[in-house]
Amino acid sequence: TGHAVAFDRAAVIGKGKDYTIARIFTGETIHLAGVAASPPALISVKGEFTSTDTVRVDDFHLHPRSFRDYASMAGLGLFALIWLQSSILWMRHRRR
């Protein structure tokens, strides 16, 4: 307790009366005291441990989930198209 902590893009998985439950990158669940966020959401927090599984949140940011997901999918799709085009051109050139 009393240790400063920061989590980036933790998944909000539940909500209590005066806290939010989040799953961090290690797979552990923590209670975020003083934050009212509903799942599904991603949250970044700065705060201090008040117990082994509870963080008193001093600052937080909710991330819009859909934009980053769609941008990642578009980037992967574009990469796949460029790779496919390069492979086809290489195969054509190899036949000559």
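## Arg56 and its neighbours

In this predicted model, the side chain of Arg56 makes a polar contact with the side chain of Asp58, at 3.3 Å. You can find Arg56 in strand β5.

Is Arg56 buried, exposed or partly exposed? Arg56 has a relative accessibility of 36%, so it counts as partly exposed, since that value lies between the 20% limit for buried and the 50% limit for exposed. Setting aside neighbours up to four places away in sequence, Arg56 is in contact with Ala33, Lys46, Gly47, Glu48 and Thr50. Try looking for Leu32 as well: Arg56 and Leu32 are 24 residues apart along the chain, and their C-alpha atoms are separated by 6.2 Å.

## How β5 pairs with other strands

Strand β5 has partners to trace. With β4, β5 runs antiparallel, and nine bridges join these two strands. β4 and β5 form a hairpin, with two residues between them. To see one pairing for yourself, find Ile43, which stands opposite Leu62 in β5.

With β3, on the other hand, β5 runs parallel, and three bridges join this pair. Which residue of β5 is the bridge partner of His31? That partner is Thr54.

## His63, further along β5

Like Arg56, which sits in β5, His63 has its place in this strand. His63 has a relative accessible area of 18%, so it is buried; the limit for that label is under 20%.

Which side chains make polar contacts with the side chain of His63? One is the side chain of Arg9, at 3.1 Å, and another is that of Ser44, at 2.6 Å. Not counting residues up to four places away in sequence, His63 touches Asp8, Arg9, Leu42, Ile43 and Ser44.

## The nonpolar core

Now let us turn to the nonpolar residues. In soluble globular proteins, nonpolar side chains tend to be buried together. Here, the largest nonpolar core has 15 residues, and those that touch the most other members are Phe7, Ile30, Leu32, Ile43 and Val55. Two or more residues of this core come from each of β1 (4-15), β3 (29-33), β4 (41-51) and β5 (54-63). β1 gives the largest share, four residues.

Val55 is a good place to explore this core, as one of the residues that touch the most other members. Leaving out residues up to four places away in sequence, Val55 touches Val5, Phe7, Ile30, His31, Leu32, Ala33, Gly47, Glu48 and Phe49.

Terms used. Residues numbered from 1 in each chain as written. Predicted model: local features only at pLDDT ≥ 70, side-chain atom pairs only at ≥ 80, totals over all residues. Heavy atoms only, no water. Core = buried A, V, L, I, M, F, W, Y, C linked by side-chain atoms within 4.5 Å. Buried < 20%, exposed > 50% of the residue type's maximum accessible area, 1.4 Å probe, protein only. Contact = heavy atoms within 4.5 Å. Polar contact = N/O pair within 3.5 Å; in protein donor to acceptor, adjacent residues only side chain to side chain. Pairing = 2+ DSSP bridges.
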